[in-house]
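Please open the model in your viewer and keep the sequence panel beside it. We will go from stop to stop, selecting a few residues each time.

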Amino acid sequence: MKKIGLILFLGMATIFTSCVKNEYYDTEPNQTPSGYQYEFDDNFDYDMHNWSFSDPSHSAYASVSNGMLKYSYLPTDNGTNTVAVATGADVRRDFLVQTRIKSDYEMGLAFGVSNSDYGYSFFIDDQGYFAVYKEGSANTAVKTIIDWQQSSAIQQGWNDVELEQVGDYWRGYINGTKVFEIQAQYLGGSKFGFIEMAGTTGYADYLTVQW
């Protein structure tokens, strides 16, 4: 298990510093399921949702320019850092969150985040592995949901990452390949964003949430 430690920050965006291999191709992984009525969509054309922050004391930074979010967490110790923004999504309903990311180490999608709950993470790394964690809170520890597993779906460079909640299940996709389906968990908030392990600089091309 790679994860050690967690640090918490709060700002305009919420910023937190912190299986069975069964893959098959979904022929229409990016098709929006019927019934979605609302959408949060950020293409990072400019910083409309206040993603940007600078925290030199923890070596954590985020900025938006040229149609991308650049996100760095570069301390010398271990831990994670999360930046998440309010989306207005009703996470009690079915929803679909989609993004495109790349990093030089370990970066993932953060979902179900609130000001007091670090939510969950769907990580991928630069060696072709993915993992899912419950990130805990100031008073509860990180919990492994799916430990690091290799997947041939992960590419060097950019990867499309999707998480879908349908009924009582979460389904995770990487580049159109379904890499997990697990029991859905309670989500304490409707903030979505990104999470990084210490020593990572990553980029996001967009973030879309539909519900």
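What follows is a short tour, with something to select at each stop.

**Before we start**

This is a predicted model, in which local features need pLDDT of at least 70 and side-chain atom pairs count only at pLDDT 80 or more, while totals for chains, interfaces and linings use all residues. Residues are numbered from 1 along each chain as its sequence is written, and side-chain values use heavy atoms, with hydrogens and water left out.

**Stop 1: colour by confidence**

Colour the chain by pLDDT, the predictor's confidence in each residue, from 0 to 100. The protein averages 88, and 84% of the residues score at least 70. Now select residues 3–12, where pLDDT stays under 50. The model gives this stretch 40 contacts beyond four places in sequence, a contact being heavy atoms within 4.5 Å. Then select residues 18–29: pLDDT is below 50 here too, and the stretch has 34 contacts in the model beyond near neighbours in sequence.

**Stop 2: strand S17 and its partners**

Select residues 191–197, which form strand S17. Helices (H or I, at least four residues) and strands (E, at least two) are DSSP runs, numbered from the N terminus. Is S17 mostly covered or mostly open? Seven of its seven residues are buried, so it is mostly covered; buried means under 20% relative accessible area, exposed over 50%, and partly exposed in between (1.4 Å probe, protein chains only).

Add strand S8, residues 80–86, which runs antiparallel to S17 and is joined to it by seven bridges. Two strands count as paired if DSSP finds at least two bridges between them. To see one of these bridges, show Val85 and its partner Phe192. Next add strand S10, residues 106–113, which pairs with S17 over five bridges, also antiparallel. Here Leu109 stands opposite Phe194.

**Stop 3: strand S9 and its partners**

Move to strand S9, residues 95–103, which is joined by seven bridges to the antiparallel strand S14, residues 159–166. Phe95 stands opposite Gln165 in S14. S9 also pairs with strand S18, residues 200–210, in the antiparallel sense over seven bridges. Show Gln98 and Thr208 to find one bridge between S9 and S18.

While you are here, display Lys102 and Tyr203. Lys102 lies over the face of Tyr203, at 5.6 Å from the ring centre. (A charge sits over a ring if NZ of Lys or CZ of Arg is within 6 Å of the ring centre and within 35 degrees of the ring normal.)

**Stop 4: the nonpolar cores**

Which residues touch the most other members of the largest nonpolar core? Select Phe122, Phe180 and Phe194: they do, in a core of 43 residues. A second, separate core has nine residues, among them Ala84, Ala131, Trp148 and Met197. A nonpolar core is a set of buried Ala, Val, Leu, Ile, Met, Phe, Trp, Tyr and Cys residues joined through side-chain atoms within 4.5 Å.

**Stop 5: aromatic pairs**

A search of the whole structure finds 14 aromatic pairs. Rings of Phe, Tyr and Trp (its six-membered ring) pair if their centres lie within 6.5 Å; planes under 30 degrees apart count as stacked, over 60 as edge-to-face and the rest as tilted.

Start with Phe123 and Tyr133, whose ring centres are 6.3 Å apart with planes at 85°, so this pair is edge-to-face. Phe123 lies in strand S11 (residues 120–125) and Tyr133 in strand S12 (residues 129–134), so the pair ties together parts that are ten residues apart in sequence. Both Phe123 and Tyr133 are buried.

Now show Phe130 and Phe180. Their ring centres are 6.3 Å apart and their planes at 20°, so this pair is stacked. Because Phe130 lies in S12 and Phe180 in strand S16 (residues 177–183), the pair ties together parts that are 50 residues apart in sequence. Both Phe130 and Phe180 are buried. Finally, pick out Phe44, Trp51 and Phe194, which ring pairs link into a cluster.

**Stop 6: three loop residues**

Select Gly88, in the loop between S8 and S9. Gly88 is exposed, with a relative accessible area of 55%, and touches Ser190 and Trp211, not counting residues up to four places away in sequence.

End with Asn66, in the loop between strand S6 (60–65) and strand S7 (68–73), and Asn50, in the loop between strand S4 (39–42) and strand S5 (53–55). Asn66 has a positive phi near 55° and is exposed at 74% relative accessibility. Asn50 has a positive phi near 60° and is partly exposed at 36%.
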